[in-house]
Each structure stands twice: as structure tokens, then as C-alpha cells.
Amino acid sequence: MASPVDTGQCGSFYFVATRAKMTVGGRISVSEGKLTVFGNCILHDVHDNVVITPASGSGSGDSIINGAFIGVRSDQKGSRRVFPIGKLHELRFMCVFRHNFWWMTQWMGSSGKDIPFETQFLVVELRDDTHLNDGSEDEAEGSVLYAIFLPILEDDFRAVLQGNEQNEMEICLESGDPAVDKFEGSHLVFVAAGSDPYDVITNSVKTVEKHLQTLSHREKKKMPDILNWFGWCTWDAFYTNVSADGLKQGLESFEKGGTPPKFVIIDDGWQRVGMDPTGIEYRSDSSANFANRLIDIKENPKFQKNGKEGHRADDPAMGLRCVVSEMKDRHSLKYVYVWHAITGYWGGVKPGITEMEHYEPQIVYPISSPGVQSNNYSDVLESITINGVGLVNPDKVFDFYNDLHSYLASAGVDGVKVDVQTILETLGAGHGGRVKLTRKYHQALEESISRNFQENAIIACMCHNTDTLYSAKSTAVMRASDDFFPRDPASHTIHIASVAYNTIFVGEFTQPDWDMFHSLHPMAEYHGAARAVGGCAIYVSDKPGQHDFNVLKKLVLPDGSVLRAKLPGRPTRDCLFSDPVRDGKSHLKIWNLNDFTGVIGVFNCQGAGWCGVRKKMVSHDEQPSTITGFIRARDVDYLPEVAEDGWTGDTILYSHRAGEVAYLPRNASMSVTLKPREYEVFTVVPVAALSIGAKFAPIGLIKMFNSGGAVKELKYESEKSTTISLKVRGCGLFGAYSSTQPRRIVVDSQEAEFEYDVESGLVTLALRVPEEELYLWNIVIEL
């Protein structure tokens with residue numbers, strides 16, 4: 001066995017785990033068969049063929065972070081290999097893994113055997129009282145170290161984590177092509193550690209970005225403008241029966257309630273598709289036939305003026321262009337997106353027809369990974385596997401996308417939702433493997449998007465494999481979990497928890513999309529509150545005439561804009577290793593930031609989740625308990641970044657449902673009690689201590705879920721008298737905390753009436769509906 005090599009720098013040398021001590025950067029080491037971070041053991045009984053390669057440039061800012069790549073030495077042959085690394089025992093971890101072929105969800109455990117197949121991200125909690133001190137006021141919290149494991153891509157292979165019955169963490173390495181069986185094996189998993197979980201995850205992904213050079217971190221990507229506006233998706237409203245008439249009915253219905261969508265997603269049902277004569281039809285309860293293939297890039301007769309099945313007019317003025325133009329002109333829509341699968345349709349592109357022959361499609365049959373098959377095998381995937389996929393020749397796929405997207409752009413379409421993306425991993429045989437095929441398709445897709453649409457206008461969907469995540473350089477919005485299922489009562493808490501935990505990982509690559517929901521639904525407020533703290537696009541899939549405008553008006557302003565939080569919404573630190581869907585005692589808390597405030601959504605999600613035995617989502621408690629927990633200002637991890645200089649740590653918490661103001665001194669906490677499937681949203685505002693002895697904190701539009709998103713500018717002045725100048729977007733009841741009653745409030749140079757509650761310190765005033773879109777009110781408060 002080779003001895004450790006100390007090069008004195010981060011380069012191409014690697015280290016082999018021997019019984020002698022081997023240290024990477026002084027922070028991560030393998031010694032006596034133990035993988036340790038800051039002297040704390042994560043894995044023991046580490047195998048002798050494990051290799052460690054230090055990473056260059058890992059770490060930034062004040063966060064303690066250090067990273068290295070884990071690899072293995074072997075005969076380095078085989079298109080699928082499994083390598084045990086070492087034993088994980090009695091350390092809490094949280095991972096996200098693919099619970100079915102298309103989607104990830106979270107899982108918590110404490111031993112190697114608890115790591116599910118297809119684990120793509122894992123964070124381990126280490127308690128350290130001697131080697132780490134980040135200056136936290138809370139000593140227990142300050143002693144926590146977070147170790148991150150990111151299985152990545154190496155050349156044409158993709159790595160994931162899994163566990164075995166010996167409590168070993170294993171690396172599963174696959175190419176997806178029997179002919180691709182040689183690999184290097186030195187850079188399979190990136191591991192890093194730090195005292196701030198969010199910083200260490202961000203820096204880890206950025207280090208992997210630098211290493212692979214095939215992806216871009218979310219912060220570098222251009223976000224499409226649909227994120228800032230309310231939208232409507234046609235899927236649940238019509239399923240594949242969507243039509244031009246249905247679109248008209250839906251938009252008119254929203255306008256009557258005063259909540260007009262500014263973007264529309266025309267989901268599955270607009271394309272021309274057909275089934276092979278020998279195909280086996282498979283329809284889900286949502287009416288899509290997964291045996292269908294694309295037979296033309298243009299729209300079907302439902303989107304032709306006076307069109308009939310089997311006939312279409314060639315006059316563009318009679319087709320999709322006319323439909324889109326009328327929607328935009330009559331309903332002031334800003335954007336129209338349409339749906340398509342990454343392979344054209346669920347069954348791909350139909351071979352042997354004139355319209356598609358120049359793309360050279362061939363029928364190929366998916367071969368899925370044993371890891372995927374070990375979890376919940378998708379009925380949809382089974383249908384596609386039986387019928388095969390009409391796969392466009394990878395050398396022609398840019399032409400296919402470019403022809404499709406240029407036609408859509410010529411019809412006034414502004415972007416696309418691209419679905420069914422993980423299917424590519426099953427089609428790699430004969431094409432150089434799953435990674436190579438996925439990367440080629442995504443390069444072509446993103447080039448076509450850039451050429452044909454503005455605003456980086458793509459929503460990625462059904463794409464929860466790392467082949468995709470590490471191969472998408474510009475895609476900025478990605479669906480973060482399985483669908484909103486309106487008729488499945490157990491799915492709603494599962495949905496919220498899955499999105500929140502998946503966001504810890506996918507939120508480093510994209511702005512996660514929480515999917516549509518229904519405004520008229522027993523769980524509408526629950527879903528709406530979650531999206532308000534999620535920082536995501538807000539859109540519904542209501543049927544025409546079936547809306548709850550009281551719910552919508554907590555999310556959407558009259559001009560169609562939304563008060564979107566700045567970051568991907570993620571679980572608070574104290575939720576990272578608790579289990580808010582199974583343990584019967586924990587809330588899920590999701591935090592985010594606005595320009596001058598924080599926001600925390602608290603949810604009772606107990607009662608349903610993934611079952612590791614039955615390998616599917618189940619309801620394990622029909623009557624989950626009422627839960628009491630607590631929240632603190634520092635649950636909003638980056639709150640000091642939006643506070644005034646000299647902030648003392650005191651905050652105001654405004655509860656949306658209760659409508660109450662609470663003053664929390666630094667490090668204080670407040671209890672929260674929620675019944676099953678209940679929620680609360682808290683606006684968290686740093687308190688400014690003013691020179692005259694008064695204290696002030698702007699809350700925002702207090703009838704909105706994300707109240708603080710309305711405050712866009714804030715300035716304190718105290719030369720002659722203390723005044724607070726704000727710029728506020730929107731309308732309705734504006735609220736702020738003041739320890740003293742204001743002498744006067746002026747809105748746009750006109751003195752305004754206000755109310756002041758002496759007991760709570762709540763100041764409120766009404767803002768009318770502005771005439772201009774995205775208008776900012778100038779508010780001056782004199783104390």
C-alpha cells in the first residue's frame with residue numbers, strides 16, 4: 001500500500017488511507033482506519049482502498065470549511081460497482097434520496113444501514129466541545145459541526161451513496177452503458193465540514209462547480225421574471241383536455257376576483273401526439289397516455305381557431321400565435337410558457353413519419369438502475385419501459401429543440417417547462433452512458449433556450465438526479481418535489497416537508513419551484529403559506545370559477561405581483577436532524593429573508609411520509625398530535641445581514657394568523673402550538689434602537705403571508721428629529737412596531753391617518769391600491 005504523499009499544495013496527487021496518519025489541510029484526516037473532521041470521527045473501519053484528494057479553494061468568508069474528494073482504488077472496471085467506505089454509527093444525519101425514479105425526499109438516521117439507496121446529499125451532525133468555537137451565544141449550538149457528503153460525477157460515471165447491513169456507507173458508481181466500464185475513481189464524493197450548515201453546503205457546491213466545470217451555482221444564474229408574478233398552470237384545471245377555450249374561461253374567472261395572473265403555463269395537452277399501433281396504452285388518473293409519442297412540433301387542433309381533430313390550418317394567424325396573442329392582449333399577460341418533455345413527449349418522438357424523420361429518432365427501451373428499482377418503482381416509468389422511447393439522435397437534438405423553440409417563440413410563447421428529464425439516465429446504453437447522454441441533451445436544451453427565449457425562460461421538472469444537477473449550467477428554476485396531489489389528503493404535509501429538505505441541496509443549483517396548488521382547497525392556506533416563505537414562483541391550477549380569493553390576496557397584489565422572499569426557503573438549523581413528519585413531536589420551521597426582515601413558516605407536518613419498509617409514501621398516523629415548539633430570531637440564519645449597524649439582537653415577531661406582535665429580547669424564544677396540518681407565519685424584524693430612546697421595527701403589509709416583503713427601502717434619520725423613511729410596495733394595511741406613538745405619518749407628501757395600539761406598540765395605516773404597477777409608496781414616520 002502506498003504511503004501518504006505530502007505535496008504541500010492541492011494538486012493532482014491523492015492520498016491512500018493507511019494506518020499511518022494522513023491529514024488533508026489539517027482539518028480532514030484518515031488515521032487508524034478513521035475518517036475524522038476537526039478530530040471528530042465520522043467513519044470508522046475505513047477500507048484500505050479509500051483515497052483522499054484535497055480540494056483547492058474550499059472555503060470562504062468566516063465560515064470554517066475544509067474539503068476533500070473521497071475515491072477508491074480498485075481494478076477500475078465495470079459499468080456498475082459498489083464500494084464500501086467505512087462505518088457510520090450513532091451520528092445523526094439527514095439525507096435526500098430518490099424515493100422514486102423522478103423525485104427526492106428526506107430521510108433521517110444515525111447509522112450506515114439507515115442510508116437509503118440513491119442518496120445524493122448527506123449531512124452529518126458532529127458535536128465538538130474542543131476543536132470548534134464559532135462565537136455563538138448558545139454554547140450547545142456553537143459546538144455543532146456539520147459534515148457534508150456530495151456524491152458527484154467523474155467522467156462518464158455517476159456516484160451515489162447507500163448503506164449496508166454492516167452499517168457501512170457505500171459508494172455506488174454507475175455509467176449506464178455496459179461498454180463504459182473504465183473509471184479513474186479518485187473523485188467520487190466531495191466531503192467538507194463547517195460550523196454553519198448553509199455556508200458549508202454553499203461552499204461545497206461551489207468547490208464542486210470549480211472541479212467539474214459543468215454546472216453553475218444558483219447565485220450566478222439569471223432568474224426568469226415569472227418568479228416575481230402570480231401565475232396559473234393549466235394542469236389540474238384541465239389535465240390533457242386543455243384548450244384555447246379553457247384558457248379564456250380561466251383567465252376571465254381570475255380577473256373577476258381581482259387577482260389576475262401575469263403568466264400562464266400551458267401544460268401537457270397542447271401538442272400533436274399519437275400512439276404506435278402496437279403500443280400499450282397507459283393512462284394515469286390525470287389522463288395523460290404515457291405510450292403517446294410526439295408527431296409534430298406544432299400545436300394540436302384544440303389550439304387552432306375552429307380546428308377539428310385530424311385537421312389543422314397552416315395559417316399561423318389561426319393557430320397558437322392567435323391564442324397567445326389574444327391572451328396577452330385581452331388579459332395583460334406578461335408571459336406564456338408551454339410544456340414539453342425533454343424527449344419531446346412521454347414516449348419520445350415518433351419514428352418513421354415525415355415530420356420527424358430528420359431528427360432520426362429510434363425506439364430505445366429504458367434500463368433503470370438497481371438502486372432506483374430498490375425504492376418505489378414508478379408506474380409511469382414501467383409504462384415507458386414497456387413501450388420504449390423514441391429518442392432523437394443526440395447529434396440532432398439541438399436541431400430538434402431549436403426547431404421546436406423557434407416555432408414557439410414565433411407564436412409569442414416566452415418559455416418552456418421541460419419535464420420527464422431523468423428518463424435520459426435510462427437511455428445511455430450505446431450513447432456513452434447516462435452522464436454523457438444527459439449532458440449532451442442539456443447542453444443542446446440550454447443553447448436553444450438562450451437562442452430563442454429571453455429571461456432564461458425554463459422550468460425544469462422531474463429532474464432529481466445528479467446527472468442533471470451537475471450538467472445544467474444555466475437552468476435557474478427547478479421543481480423541488482413530487483406533484484401537488486389535490487385528492488390525496490396524506491400528500492400535503494409530505495409535499496411541504498419534501499420541498500423544504502430537498503431545497504437544502506437543489507437550492508444551491510436553482511431557485512426551487514414548489515409546484516402549483518389550488519386556492520379553493522382545505523389545505524390552500526397551508527400550501528400558500530409555504531410558498532410565501534419558499535422564495536419561489538407562486539402559481540395555482542384552479543379550475544375556472546373555483547377560487548378562494550381571500551387566500552390569493554394573501555399572496556398576490558392587485559397588479560399581479562407577489563412579495564417574494566430573497567432566498568430558497570430552507571429548514572432552520574434545529575430542524576436539520578429532527579423528523580417533522582414521523583417523530584410525533586417536531587415542527588417543521590422554514591426560514592427566509594427579505595430586504596429588511598426575516599420570515600419563518602412553522603408547520604405541523606406529522607402523520608405521513610416515506611416508509612423504508614414498504615418503500616413508498618404512507619400515512620402512519622391518522623390522528624397526529626398537537627405539537628408545541630418554539631421559535632427564535634436566530635432561526636432566520638442570515639438575519640444580521642439585513643439588520644442596521646449596531647443591532648442589539650432584539651426583534652419583533654408578528655404572527656400572521658394570530659395577528660399578534662411580540663417583542664423578543666436577544667436570544668429569547670417564543671412557544672408555538674399547532675394542531676395537525678396547521679401552520680403559522682412569523683415576520684421577524686430587527687429592532688432599531690434610536691437616539692431619542694425609542695425603538696422601531698417595520699413589519700410590512702400585515703394581511704399578506706410574507707408581510708416584510710413589502711418593505712423595499714428603510715432609512716433612519718435623527719439630526720433634528722427622529723424620522724423613519726420607507727419605501728413600501730403594495731396596498732392594504734401597513735404595520736410597524738414603535739415603542740412610542742408617532743407624532744405624524746406622511747405618505748407621498750400627504751399626511752395619513754393611522755392607529756396606534758399602546759399595549760403592543762403596533763402602528764397601522766391603510767395604503768390604497770396604486771395606479772402604477774410595482775409602485776413604491778414613500779412613507780415618512782416622525783417620532
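Biologist: Happy to look at this with you! How many residues lie between strand 30 and strand 31 in their hairpin?

Modeller: Keep in mind that this model is predicted. Strand 30 covers residues 588–593, and strand 31 covers residues 598–603. The two run antiparallel, joined by six bridges. The number of residues between them in the hairpin is four.

Biologist: Nice. Which residue of strand 31 is the bridge partner of Ile590?

Modeller: Ile590 belongs to strand 30, which also pairs with strand 29 (residues 570–571) in the antiparallel sense over two bridges. On that side, Pro571 stands opposite Ile590. In strand 31, the partner of Ile590 is Gly601.

Biologist: And which residues point the other way from Leu588, Ile590 and Asn592 in strand 30?

Modeller: Strand 30 is mostly covered, with six of its six residues buried, that is, under 20% relative accessible area. Both faces therefore hold buried residues by that cut-off. Opposite Leu588, Ile590 and Asn592 are Lys589, Trp591 and Leu593.

Biologist: Let's turn to helix 5. What span does helix 5 reach from its first C-alpha to its last?

Modeller: Helix 5 runs over residues 320–331 and has 12 residues. At 1.5 Å a residue, 16 Å is expected, and the model comes close to that. The span is 16 Å.

Biologist: Which helices do the buried residues of helix 5 pack against?

Modeller: Those buried residues are Leu320, Cys322, Val323, Val324, Met327 and His331. They pack against strand 18 (263–266), strand 20 (292–299) and strand 21 (335–341), among other elements. The helices they pack against are helix 4 (244–256) and helix 8 (397–410).

Definitions and conventions: Residues are numbered from 1 along each chain as its sequence is written. This is a predicted model: local features need pLDDT of at least 70, side-chain atom pairs count only at pLDDT 80 or more; totals for chains, interfaces and linings use all residues. Side-chain values use heavy atoms; hydrogens and water are left out. The expected span of a helix is 1.5 Å times one less than its number of residues. Buried means under 20% relative accessible area, exposed over 50%, partly exposed in between (1.4 Å probe, protein chains only). Contact means heavy atoms within 4.5 Å. Two strands pair if DSSP finds at least two bridges between them.
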